[in-house]
Amino acid sequence: PGLDRPLKSSRDYHRAVGLVVRLIVNGRGELTGALLSCDDEGVVLEGEDGQQTIPFDDIAKANLHFEI
């Protein structure tokens, strides 16, 4: 799917650890940052607001993010 590929499965998230991702989170809007880790419950994202743990149930959409 390319540089901004969607992250859908647990396998996609595990492959993206260490990369920058863009998440659309229910109730919080858009978050962009480095994906630090992933487990069965959710992800840990390092963004402008520091580290945040985000449950998979709250993630509406996720993509790899790149800047030109």
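## Overall architecture

The protein holds 1 helix and 5 strands, where helices (H or I, at least four residues) and strands (E, at least two) are DSSP runs numbered from the N terminus. Along the sequence these elements follow the pattern α-β-β-β-β-β. Please keep in mind that this is a predicted model, in which local features need pLDDT of at least 70 and side-chain atom pairs count only at pLDDT 80 or more, while totals for chains, interfaces and linings use all residues. Residues are numbered from 1 along each chain as its sequence is written, and side-chain values use heavy atoms, with hydrogens and water left out.

The C-alpha atoms fill a box of roughly 25 × 25 × 20 Å, taken along the principal axes. For 68 residues, a compact globule would have a radius of gyration near 11 Å, and the protein's 11 Å agrees with that; the radius is taken over C-alpha atoms, and the globule rule is 2.2 Å times the number of residues to the power 0.38. About 4500 Å² of the protein is exposed, with carbon and sulfur atoms supplying 48% of it (Shrake-Rupley method with a 1.4 Å probe; for residues, only the protein chains shown count as cover).

## The sheet, strand by strand

The strands form an open sheet of 5 members in the order β4-β3-β2-β1-β5, with antiparallel pairing. Since β4 and β5 stand at the edges with a single partner strand each, one side of each is left without a neighbour in the sheet. Neighbouring strands are turned by 40° against each other on average, direction ignored; the axes are lines fitted to C-alpha atoms, for helices over the stretch in contact, and angles run from 0 to 180 degrees between N-to-C directions. Two strands pair if DSSP finds at least two bridges between them.

Let us walk across the sheet from the β4 edge. Strand β3 (residues 42–47) is joined to strand β4 (residues 50–55) by 6 bridges, and the two form a hairpin with 2 residues between them. Gly47 has Gly50 as its bridge partner in β4. Next, 5 bridges link β3 to strand β2 (residues 29–38), and the hairpin joining β2 to β3 passes through 3 residues. Strand β1 (residues 20–25) meets β2 through 6 bridges; their hairpin has 3 residues between the strands, and there Gly27 takes a positive phi near 85°. At the other edge, 5 bridges join β1 to β5, with Ile59 in β5 as the bridge partner of Val25.

## Gly33 in the middle of the pairing

Gly33 lies in strand β2 and is buried, with a relative accessible area of 8% (buried means under 20% relative accessible area, exposed over 50%, partly exposed in between; 1.4 Å probe, protein chains only). Gly33 is the bridge partner of Val21, and Gly33 also stands opposite Gly47 in β3.

Not counting residues up to four places away in sequence, Gly33 touches Leu19, Val20, Val21, Leu45, Glu46 and Gly47, where contact means heavy atoms within 4.5 Å. Asp49 is 16 residues from Gly33 in sequence and 9.4 Å from it in space, C-alpha to C-alpha.

## The nonpolar core

In the largest nonpolar core, which has 15 residues, Leu7, Tyr13, Val21, Leu23, Val43, Ile54 and Ile59 touch the most other members. Strands β1, β2, β3 and β5 each supply at least two residues of this core. Such a core is a set of buried Ala, Val, Leu, Ile, Met, Phe, Trp, Tyr and Cys residues joined through side-chain atoms within 4.5 Å. Over the whole protein, buried residues make up 31% of the 68 residues.

Strand β1 shows two faces: Val21, Leu23 and Val25 make up the covered one, while Val20, Arg22 and Ile24 make up the uncovered one. In a regular strand the side chains alternate between the two faces of the sheet. On the uncovered face, Val20 stands opposite Ala34 in β2.

## Links across the sequence

Leaving aside neighbours within four places in sequence, Leu7 is in contact with Asp12, Tyr13, Ala16, Val21, Ala62, Asn63 and Leu64. Asn63 lies in strand β5 (residues 59–64) and is buried, with a relative accessible area of 8%. Beyond four places in sequence, Asn63 touches Asp4, Arg5, Pro6, Leu7, Val21 and Arg22.

Among the protein's contacts between residues at least 6 apart in sequence, 42% join residues at least 24 apart.
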